[in-house]
Amino acid sequence: MKKFLSFLLALAMMLSLAACGGSGDGSSDGGAANDSTAADNLTEEAINEASAGDTDNGDGSYYNEALGYTYGTTFYSDEPVTYTMLFNDNDAYPIQDSWSEDGGVFAEIAAKTNVTLQFESVNNASYSDRVSLLVSGGTAPYIIPKIYDETPYVTGGGIVAVSDYVQYMPNFTSFYNEYNMEADVNAILQDDGKFYRLPGMKETSLQDYTLLIRSDIFEAAGYNVAELEETWTWDEFADVLIGVKAYMVEQGMCSESDYIWSDRWCGATSGYGTGGCLLGLISRSYGIYTTWSTTATNMGDLYFNWETDQFELSATTQAYRDYMTVVKKLVDNKILDPETWTQEDSAADADFYTGKTALILTNRATTTSQEEGLAAQLGEGNFSVYRIVMPMGTDSEGNTISYQSENSRLECGVCISANALNELGEDEFIKMMRFVDWLWYSDEGLTLTKWGVEGETYTVDENGNYSLLPEYYCGGLSIAQTSEDQTDVRLKYGYACGNFMYGGTAELLTSNFSEDLRDFYDRQAAYRTLRPLDPSIALSEMDNEQCNLWATPLFSEMNTWTLRFAQGQRDVTDDATWNEYVASIEAQNAQNVVDMFNQYYQNSKTAAE
């Protein structure tokens, strides 16, 4: 355990140091620098001004005796209170009445805090659209969780600048200070120097998504993946898959016309017409951004080139062409099914479980259910799986780079509707923010929503190891079912669901990790490096509006062409086609977007000197 956590902490230190080296922001005067940082909202002066009458806890947070809550204590309302909340309802673990009954997550939250959460439940597929409609219409519930990009909601005044209230949130401020989160949180600052989303903060970056392969098939085909993964590139990985398919054809497991890779999180269910998770992961290993990754970066899929010290457009780089060439190679050789970008996730799952395909995307929450799906179709003992370290890409000069695909210590987070402040009033609003602080940022709140109630759903031994009680398992925690009389604690009671578990310490984040998952993170830490965080850019309201006008059609054009290349409809290796593509991208004001970001970046550098 100590070896595993030391790798994670080393990653966190590397990321924090890299991030502190290049952070900059724009401002509201059309390009002048804004040198505000998130830390400005936690200074002694700001805290004293906003927390008159409170007692200094000595950790950057304040205790108000009338509200009865401070660091290390459980939030509790003397009077019963109800807060409205939007709830992202996932088809894989749909909300149940039992979650509000004895033992359920909502009932336990209420028992500990005297707070009842009143939900509007929205299916995951339409959640983003519903949030936009409610916020723009001024009818949003008080608490809006699972937000990845809050920028569209800022200018209309529909959400609160939460950075104005973090001094009342002792767990947030304690974590922010202890784990040096300033550079990370600065990435979500808006032009006014404030942030409008309470992000999930992680002690270290943990890449969640990777590929799960049928290791029994790879080994039978003659490939030692444990040795190859340390240095393989995407092009070399494609060659391995070509060899695996040849073996499968030879063994009668598939025909020449069959595909051996059909993937999820890319198509109709969750790809959102952008190529989804797979293209996002591959592009990041090439040091650029495309498709699914956009909301976590910036308008138009710009990436920061540390060699040239400027922002550049990902879509027209040689790195983009190289990575799409690998995708073409996979499609042309009938390895990767082009229907990946249009199909339902369930179609990809079915192909994998029945043995038609040999690999699929996975994350910590799905590996167990994927293994169970294989066991149900193929039988226990008739397969083996292995979570691989993702292959490496090349930069625009053709040099191999060893970046892992994810480098941020921030997760999605919670926005607070302006309705909460308007309807509750300042004092009661601060009280609600303290409840939010306990539920999403205290170890107690995070442990409750992840594991349930100690002694009732889980235990902790003398070495700090967490275990579910024998009558439970949990697909969301990758804890497999071992007997038919066990109950999934997530399906039954709502623990380990995606609306609450956003961050925490390395110890808490890894408390459910199996040995194979710990081994994966050890390997990943040894074989890959973290890409430095891009400098943060906060456009003025006027420039943000203008950049949106440019970037929306630009992003649409990039998506359209990227999917054409990925599905084999156009040939990215053909020079005439490539030139046509580049011209179509450049015609969508691409240079204007690049110039605006670089102007803000240069101004921030000048202001810092």
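Select strand 7, residues 210–214, and then strand 11 in this predicted model. The two strands pair in the antiparallel sense, over three bridges. Now pick out Ile 213. Which residue of strand 11 is the bridge partner of Ile 213? It is Tyr 386.

Next, add strand 10, residues 359–362. You now have an open sheet of three strands. Read across it and the order is 10-7-11, with antiparallel pairing. Strand 10 and strand 11 (385–387) each have a single partner strand, so they stand at the edges, and one side of each is left without a neighbour in the sheet. Turn the view to see the twist: neighbouring strands of this sheet are turned by 25° against each other on average, ignoring direction.

Keep the sheet on screen and select helix 20, residues 515–527. This helix lies across strand 7 and strand 11. To strand 11 it runs at about 40°.

Move on to helix 11, residues 276–285. Is helix 11 largely enclosed or largely open, and why? Buried here means under 20% relative accessible area. By that cut-off, 10 of the 10 residues of helix 11 are buried, so the helix is largely enclosed by the rest of the structure. Click along the helix: the buried residues include Gly 276, Cys 277, Arg 284 and Ser 285.

What covers them? Show helix 10 (234–250), helix 12 (318–332) and helix 21 (541–566), which are among the covering elements. Strand 10, already on your screen, is also included, as are strand 12 (393–394) and strand 13 (400–401).

Last stop: Gly 287, which follows helix 11. Its phi is positive, near 80°.

Terms used
Residues numbered from 1 in each chain as written. Predicted model: local features only at pLDDT ≥ 70, side-chain atom pairs only at ≥ 80, totals over all residues. Heavy atoms only, no water. Pairing = 2+ DSSP bridges. Helix = DSSP H or I, 4+ residues; strand = E, 2+ residues; numbered from the N terminus. Axes fitted to C-alpha atoms, helices over the stretch in contact; angles between N-to-C directions. Contact = heavy atoms within 4.5 Å. Buried < 20%, exposed > 50% of the residue type's maximum accessible area, 1.4 Å probe, protein only.
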